[in-house]
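Trainee: I should like a close look at the salt bridges of this structure. Which side chains pair, and where do the partners lie?

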Amino acid sequence: MRADHSFAEHPHAASEPSQSEVVIDLEARAADWEIAPGRTLRCWTYNGQVPGPTIEARVGDTLVVRLKNSLDEPTTIHFHGIRLPSAMDGTQVVQPTVAPGESFEYRFMVPDAGTFWYHSHHNETVQVERGLYGALVIRGVDEPVVDRERVLVLDDMKLNRKGEFAKFGGWVEQHTGREGDVRLVNGQSEPELRVSAGQMERWRIVNASNARYVRLSVGDRRFSILGTSGGFIEAPVEVSEVLLPPGDRIDIVVGPFAEGEVISLDSLAYDRHAGKRNRERFATVRVGTAERSSAMIPDRLRTIEPLAPNNAVTNRLVKLSERLSIKRGTDFLINDEMHHTDKPVTVGELQIWDIENASHMDHPFHLHGFFFQVIDVNGVAPAFLAWQDTVNVPPKSHVRIAWMPDDRPGLWMYHCHILEHHAGGMMANFEVVRTAETGSKAMPSCHT
Ligand SMILES: [Cu+2]
């Protein structure tokens with residue numbers, strides 16, 4: 001089976017927030033999936049395809065995702081990046097796992113435009129590796145006009161000589177995370193993308209890998225960043241590469257290209273201090289005949305108010321570290337504890353967290369359910385202001401973030417998004433609690 005994960009332009013942007021209900025049935029089931037012509041792999045899929053269907057909705061819509069579990073083991077779905085109620089977050093602290101043969105209905109409003117994704121949040125090292133993930137695109141009322149939009153979901157798979165999923169790689173894989181040599185874009189091994197000369201395309205890129213960092217290059221050409229994991233930045237930023245750790249997304253505009261160009265969509269060499277990768281190809285872009293362009297990328301995309309001053313005082317330390325374990329290989333720790341329970345946070349109280357990576361390798365920090373702003377990395381402010389839910393924390397470094405717990409009390413989680421590290425203990429549960437004054441006021445827009 002194959003599916004087309006690209007879609008044509010969306011020129012008819014809504015002028016008002018939508019309030020429709022978008023209903024999607026997702027059946028988690030094993031299926032044969034063709035990763036290249038004639039090359040089929042037994043995957044775990046949503047609706048028989050890898051990635052699962054791209055879910056599309058508009059800001060203000062209510063998303064109803066009806067999960068049916070036809071796997072032989074329990075599963076759940078996490079909607080990565082969506083500011084939803086705690087009960088819909090898909091973790092095992094907020095819902096029982098969905099047993100084989102059972103169903104579960106997720107229902108929540110989508111308040112923010114951006115490029116998000118959904119994936120299994122149970123036995124993730126296996127379930128996500130085998131294909132249980134998909135993109136989730138939420139459109140706002142005022143989207144830039146582009147000639148074409150594509151969703152590119154990147155992944156890598158580790159296969160054995162028979163072309164089946166390789167078995168768990170023991171202590172080494174538990175330590176470094178699982179990386180494979182089969183690189184996929186939208187479930188296809190190093191596919192060809194055809195673009196028209198003279199046009200500008202918007203690419204929403206998701207890194208769904210267990211552990212691979214993608215240092216994205218579009219044939220070493222310049223491209224513009226429109227948004228990060230938390231939606232638009234303030235103004236397009238031109239770059240020639242961007243680092244996407246596991247779990248992260250980037251929204252870019254590429255082109256125009258010239259007819260006949262062949263461009264390699266690559267991950268540049270990157271050393272995350274757990275195995276260095278050389279430059280590797282994810283896809284080949286072939287530029288065909290010229291088409292007229294009607295793309296209009298505005299100079300300003302939105303305004304982002306800084307949540308905290310640069311001299312904001314840290315009110316929580318989150319220390320990421322590891323230690324050797326004779327029983328398990330490597331234990332991954334938050335504040336010196338595996339599967340940590342962190343202190344509650346109170347609705348409306350600004351959080352300034354210092355995420356310290358005391359280990360020798362990179363870890364991508366992911367906060368469930370809330371966006372944060374990076375204040376500084378080792379004391380240096382980032383190049384541009386952004387909302388995000390995932391940030392890379394380099395070894396022996398400090399990343400300070402600011403975030404505001406809006407009125408969505410309940411149990412939440414943060415963790416390293418290298419799935420083997422998450423499973424190995426580098427995660428924490430914490431509660432968002434109300435004070436008496438907080439009452440039950442509506443969700444404020446901490447995020448415009
Ligand atoms: Cu990690």
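Mentor: In this predicted model, a search of the whole structure finds 42 salt bridges. As a general principle, side chains of opposite charge can pair when their charged atoms come close.

One of these pairs is formed by Arg277 and Glu179, whose side chains meet at 2.7 Å, N to O. Arg277 belongs to strand β22 (residues 276-277), while Glu179 sits in the loop between α2 (170-176) and β11 (182-185), so the salt bridge ties together parts that are 98 residues apart in sequence. With a relative accessible area of 14%, Glu179 is buried, because the limit for that class is under 20%.

A second pair consists of Glu261 and Arg221, with a distance of 2.3 Å from N to O. This salt bridge also links distant parts of the chain, 40 residues apart. Glu261 is found in the loop between β19 (249-254) and β20 (262-267), and Arg221 in the loop between β15 (214-218) and β16 (223-228). Arg221 is partly exposed, its relative accessible area being 28%.

A third salt bridge brings together the side chains of Asp331 and Arg328, at 2.8 Å, N to O. Here Asp331 counts as buried, at 2% relative accessibility, whereas Arg328 counts as partly exposed, at 40%.

Salt bridges that share partners also build a network. Both Arg277 and Glu179 belong to it, together with Asp156, Asp181, Arg183, Glu190, Arg212, Arg272, Glu280 and Arg281. The pair described at the outset is therefore part of a wider set of charged side chains joined into one network.

Two further parts may be set beside the salt bridges. His119 lies in strand β8 (residues 114-120) and counts as buried, at 0% relative accessibility. Leaving aside neighbours within four places in sequence, His119 is in contact with Tyr46, Thr76, Ile77, His78, His80, Glu124, Val128, Leu132, Tyr133 and His417.

The other part is an open sheet of four strands, in the order β3-β2-β5-β7, with mixed pairing. Its edge strands, β3 (39-46) and β7 (103-109), each pair on one side only. Neighbouring strands of the sheet are turned by 25 degrees against each other on average, direction ignored. Within the sheet, strand β2 (residues 21-36) runs antiparallel to β3, and eight bridges join the two. Among the residues involved, Asp32 has Arg42 in β3 as its bridge partner.

How values were computed: Residues numbered from 1 in each chain as written. Predicted model: local features only at pLDDT ≥ 70, side-chain atom pairs only at ≥ 80, totals over all residues. Heavy atoms only, no water. Salt bridge = Lys/Arg side-chain N within 4 Å of Asp/Glu carboxyl O. Buried < 20%, exposed > 50% of the residue type's maximum accessible area, 1.4 Å probe, protein only. Contact = heavy atoms within 4.5 Å. Pairing = 2+ DSSP bridges. Axes fitted to C-alpha atoms, helices over the stretch in contact; angles between N-to-C directions.
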